[in-house]
Every structure is written in structure tokens, then in C-alpha cells.
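Got your viewer open? Load the model, switch to cartoon view, and follow along stop by stop.

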Amino acid sequence: MGLFQKISKGLKKTRESMASAIDDMLYGKVEIDDTFFDDLEEVLVMGDVGVYTAQEIVAQLRERAQKENLRTADKVKKAIKEIVADMLRGGEEISMITMPSIILVIGVNGVGKTTSIGKLAHYFKQDGKKVILAAADTFRAAAIEQLQEWADRAGVDMIKHKEGADPAAVVFDSISAGKARNADVIIVDTAGRLHNKKHLMEELAKIYRVIDRELPYSDREVLLVLDATTGQNAVNQAREFLNVAEATGIILTKLDGTARGGVVLNIKNELKVPVKFVGVGEQIDDLQPFSAEAFAEGLFDVPMPDHSQDEPKAESTEDGENA
């Protein structure tokens, strides 16, 4: 199944709620008038797009409708898709030129962080890269064991210390191993203790210092994992994390399990942080690189059925949650 089909399938619940409501409005209207624009804004807000972002989409659509004389439902729907894609486009690429490059993964416990790291490792390995996982979440019970399971499943190396060890020391040893083994990317699991901001900031600062000293010119990504099923709470959680740590991108998990997929627009437009990966299913290959075009198409258009292979049984993930 291709990228567009996977993202479209993952957006099924969002499409059935928000996009279906927009279709009902469009194809039930004789003309595109002020009432339509007001109703559209309400539907977007209810779909977790956010008030500010919904207003911006509607304002752009009003302008285009006037300039381009958009009067038919199909033309208006096409314009909405183009506005959404333009709003989401930019920054979704991952920079991975140096050897090794570093990806730090942050996020509170329970959002699918460990699961996402395992799937991310699988994604890069399938792309021909040598991957090492760093088990730097040393304080949460069973975190190291869960990450080891995903390392084994993805078929990649993992560097770990005992529970309670210094996370920065784990990162140091992981970088040393990465250099010795000619790794392309080191993915670092970090502690998810947002309730104790001071300790989290200190811990991340130590990790950054180790990376700056040992790999001063390496490409570095800091990916924040958020749970799409929490809607606007995910946006609030992102704001809290961004007050503590820099993030270069978002991994949005469980997009297939929610009708709140509109939150992607809110995250990009209001927080100015690009979504780089989305979790669209339970399988190890269901973490997909984000595409603005695929998202916009999948949000409004029903995909063609894919009969290339039967769906395998779902895998279990950390805390019983899927990424």
C-alpha cells in the first residue's frame, strides 16, 4: 500500500466526520454564500482544526471564491484542498546527511513514544540505513525492556545501561558505538516527565552537551510525539513541551483511531512546528513520512480500495496503545 493510500486510510474517521459534513454543506447548497462560510468555520472548529486556523482557511477561501468566481461545489472543494495543502507544506523533510545523525524523541508517557521509535527504526532500516537505538529513558519502569523488544522487532542495535542510570551516559556510549559501527542514525529515547519541567530540562541539557561535544556538526532532529486522539489537548501538550525543549518536528500517533485529524492543521499553523511522521495503523510499517498533499487528498477524497495483500494481524504496543 502506497503512502497516499496509507495516509488516506488513516484519515478515514476524520474524513467521515469533518469532510463528510463539508460535502453535505457543499452539495446541498444552491450558492456559496456567507452562511456557507460561517457553517464551514464551525465544522472546521468542531474537527479540532482550531479557531484561529479555521478562520484563516475560511478567509483564504472567501478571497479565492471572489477572485476566481468559485460557484460550484467541486471548485470550492478543490480550493479547500489546495489551501489545506499549502498551509501544511514545508519543513516536513528529515535532514540525515551526516554519519551518524541524531534523532531525539521526546513526549510524555502513554502517547506511543516507544512504539514510534521502534517504527522509526524500521522505517530508516528499510531505507537502507544502519540504525542504533539509545535507551536513555532510564527511569520509567520497563522502558528499556519495551525499547529492546522494538529494537529486536526492527532488527537494529540498541545501547542500554541499567535502570536508573545517567541518560547522558547512555547517549555518550551510543554515539561511541555509532562511530565505531558506521551507523547512519542514532535514535534516542528520552524520559517523558513533563510534570517535572526542571528535571526534564536539566536532563535534556546534559544530553545536548554530550552531543555537542561528541558530534558537534551532526544533523540533529528533536521529534515531539503527540497523540492525535487527544485533539486540542495534544496542541496544549505541545505548547508545554516547547516551553521546555526545542522541537524540530512532530510525530503524530494514532491518526487512524480518531476523527480529530484536523489537529494536524492546528499544530502546523499555530505552533509553527511541522508534522514529520504520522502513525496510521498498528503494524511496524504504519509510521509514515508526512505529506501535505497526501493529507489534503486523504482528508477529502475516498481512496481506491487496495487489494494487493491481506491485512496482517495487529501487533501489540506499549501500554496497549497504537502509534
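Colour by secondary structure to begin with: the chain has 12 helices and eight strands. Keep in mind as you click around that this is a predicted model. Of the chain's 323 residues, 54% count as buried. If you like contact maps, look away from the diagonal: among contacts between residues at least 6 apart in sequence, 78% join residues at least 24 apart.

**The sheet**

Now select the strands. In what order do the eight strands of the open sheet run? Going across, you should read 3-2-4-1-5-6-7-8, and the pairing is mixed. Strand 3 (157-159) and strand 8 (287-289) are at the edges with a single partner strand each, so one side of each has no neighbour in the sheet. Turn the view to look across the strands and you'll see the twist, which averages 25 degrees from one strand to the next.

Zoom in on strand 5 (residues 220-227) and strand 6 (residues 249-253), a parallel pair held over five bridges. Show side chains here and pick out valine 225, which stands opposite isoleucine 251 of strand 6.

**Helices on the sheet**

Next, add helix 7 (residues 143-154), which packs on the sheet and touches strand 2 (131-135), strand 3 and strand 4 (185-189). Its direction makes about 170 degrees with that of strand 2. Then bring in helix 8 (residues 167-180), also packed on the sheet, with contacts to strand 1 (101-106), strand 2, strand 3 and strand 4. For helix 8, the angle to the direction of strand 2 is about 165 degrees.

**A helix crossing**

Hide the sheet and select helix 2 (residues 12-27) with helix 12 (residues 292-300). Their axes lie 8 Å apart and the packing angle is about 75 degrees, so the two helices are roughly perpendicular, since 65 to 115 degrees counts as such. Show sticks for Thr14, Arg15, Met18, Ala19 and Ile22 on the helix 2 side; they meet Gly298, Leu299 and Phe300 of helix 12. Sorted by class, this contact has five nonpolar, two polar and one charged residues.

**Lysine 254**

Last stop: centre on lysine 254, in the loop between strand 6 and helix 11 (263-271). Is lysine 254 buried or exposed? Its relative accessibility is 8%, and under 20% is the cut-off, so lysine 254 counts as buried. What does its side chain reach? One partner is the backbone oxygen of glycine 110, at 3.3 Å. There is also a polar contact of 3.1 Å between the side chains of lysine 254 and aspartate 227.

Definitions and conventions
Residues numbered from 1 in each chain as written. Predicted model: local features only at pLDDT ≥ 70, side-chain atom pairs only at ≥ 80, totals over all residues. Heavy atoms only, no water. Pairing = 2+ DSSP bridges. Helix = DSSP H or I, 4+ residues; strand = E, 2+ residues; numbered from the N terminus. Axes fitted to C-alpha atoms, helices over the stretch in contact; angles between N-to-C directions. Contact = heavy atoms within 4.5 Å. Parallel < 35°, antiparallel > 145°, perpendicular 65-115°, else oblique. Nonpolar A, V, L, I, M, F, W, Y, C, P; charged D, E, K, R; others polar. Buried < 20%, exposed > 50% of the residue type's maximum accessible area, 1.4 Å probe, protein only. Polar contact = N/O pair within 3.5 Å; in protein donor to acceptor, adjacent residues only side chain to side chain.
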